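Trainee: Got a minute to go through this structure with me?
Mentor: Yes, put it up and we can start.

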Amino acid sequence: RRAEAMAAATATTAEGGGDGEDVEALFAAAAAMTDVEAAVASLDARFAGARSLAAARACRPCVATLACVRATLPERARTDAELEALRRANKLRQFALGLGSGAEDYALRRSEDYARDCEAAARAAREDARAAVRRFVRAVLPSCTGLCVSEGELEQALTSVETHAEGGAMEGTAGAVGRVRRSPTDLRRRAAADVDALLSLGALARRLDFEASRSYWFALPGRGGALRALADGRAELAAWLRKKKFKEALRADVHAVPLRRAQVPAEYVALDMLGGGLLLAVPTPKGEALRLSRKCAEARAAGRGAAKRRRL
């Protein structure tokens, strides 16, 4: 998997016009990766970072999921322990998808890539929004590594940052030339404005459950299309398999299915569904087949029940 990440990263660099030094740096970085980091890098390069693939197939962007990683790495206990260590070290972040297939339906993103996503989302925004993202990346992300953050934790982290101007200019203690001391009230007001900016940019999402109404999910800015595409892809591939005898087909045939509505590679969706328990790998005389699981049927029934309750 690490070699796969190296090869995919090299191809992406060559496609983007990178030089030999870039390739050497990528190889050195890949060699130092853990198995989980290498799996996420490989998934990003195969499905999210392949610009030519997206252009050739008019694909939507993809996002690496926990299910994809679990389908890639066989030892689940070791994978989960490594994920937890990477999360605590702020090297890898998890994001709740809320797609209804299970309690562990998460996207995975390397922390440095997530910081770049947030900065890219703020590039066309006003200066105060860009400053909010800089404070978010500098103070909130290193100290808050979970799926969500409480209002108090968010305010505490945002008010602890005094540096926010371009070029490293600083706001600090009074008496220094060009520096302004902010009162606690001003800092709390600025933190509230930062939260509003982060919500509008999509870096945060307000939690709607009653018990956690004063907290926020960390979110993937600009990735709403990827989440919709994944949900559509799961539904489309499951519908295709339901029409097959025994609700199964050879893996190669599944990977070749054109997902016209989702516009993502069927291989990516099949990997996600396999790791999430929605598909089962079944050996056959002709090769490995993928079969719809009971969990997929249960998720479908639960989704129909939820839709019916919303109509009522």
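**A serine, a helix pair and a glycine**

Mentor: Start with Ser143, whose side chain reaches the backbone oxygen of Ala139 at 2.9 Å. Keep in mind that this is a predicted model.

Trainee: Which helix is Ser143 in?
Mentor: Ser143 belongs to helix 8, which covers residues 127-143.

Trainee: And how far apart are the C-alpha atoms of Ser143 and Ala157?
Mentor: They are separated by 7.7 Å, with the two positions 14 residues apart along the chain counted as the spacing.

Trainee: Switching to the core. Which residues touch the most other members of the largest nonpolar core?
Mentor: Tyr114, Phe136, Phe218, Tyr268 and Met273, in a core of 68 residues. Helix 13, residues 266-275, gives the most to this core, with seven residues.

Trainee: What does Tyr268 touch, leaving out residues up to four places away in sequence?
Mentor: On that count, Tyr268 touches Phe47, Cys62, Val63, Thr65, Cys68 and Leu230.

Trainee: Is helix 13 mostly covered or mostly open?
Mentor: Mostly covered, since eight of its 10 residues are buried. The buried ones are Ala266, Tyr268, Val269, Ala270, Leu271, Asp272, Met273 and Leu274.

Trainee: What happens just after helix 13?
Mentor: Gly277 takes a positive phi there, about 80°.

Trainee: How do helix 11 and helix 13 cross?
Mentor: Helix 11 is residues 224-242, and its axis comes within 10 Å of the axis of helix 13, crossing at roughly 85°. An angle from 65 to 115 degrees counts as roughly perpendicular, so helix 11 and helix 13 are roughly perpendicular to each other.

Trainee: Which residues make that contact?
Mentor: From helix 11, Leu230, Gly233, Arg234, Leu237 and Ala238. From helix 13, Ala266, Tyr268, Val269, Ala270, Asp272 and Met273. By class, the contact has eight nonpolar, one polar and two charged residues.

Trainee: Last one, Gly287. Where does Gly287 lie?
Mentor: In strand 8, residues 287-292.

Trainee: Why is Gly287 called partly exposed?
Mentor: Because its relative accessible area is 27%, and partly exposed runs between the 20% and 50% cut-offs.

Trainee: What does Gly287 touch, again leaving out residues up to four places away in sequence?
Mentor: Gly287 touches Leu250 and Val282. The C-alpha atoms of Gly287 and Ala249 are separated by 9.9 Å, and these two residues are 38 residues apart along the chain.

Note on methods:
Residues are numbered from 1 along each chain as its sequence is written. This is a predicted model: local features need pLDDT of at least 70, side-chain atom pairs count only at pLDDT 80 or more; totals for chains, interfaces and linings use all residues. Side-chain values use heavy atoms; hydrogens and water are left out. A nonpolar core is a set of buried Ala, Val, Leu, Ile, Met, Phe, Trp, Tyr and Cys residues joined through side-chain atoms within 4.5 Å. Buried means under 20% relative accessible area, exposed over 50%, partly exposed in between (1.4 Å probe, protein chains only). Helices (H or I, at least four residues) and strands (E, at least two) are DSSP runs, numbered from the N terminus. Contact means heavy atoms within 4.5 Å. Axes are lines fitted to C-alpha atoms, for helices over the stretch in contact, and angles run from 0 to 180 degrees between N-to-C directions. Angles under 35 degrees count as roughly parallel, over 145 as roughly antiparallel, 65 to 115 as roughly perpendicular and the rest as oblique. Ala, Val, Leu, Ile, Met, Phe, Trp, Tyr, Cys and Pro count as nonpolar, Asp, Glu, Lys and Arg as charged, and the others, Gly among them, as polar. A polar contact is a pair of N or O atoms within 3.5 Å; within protein, one must be able to donate a hydrogen and the other to accept it, and residues adjacent in sequence count only if both atoms are side-chain atoms.
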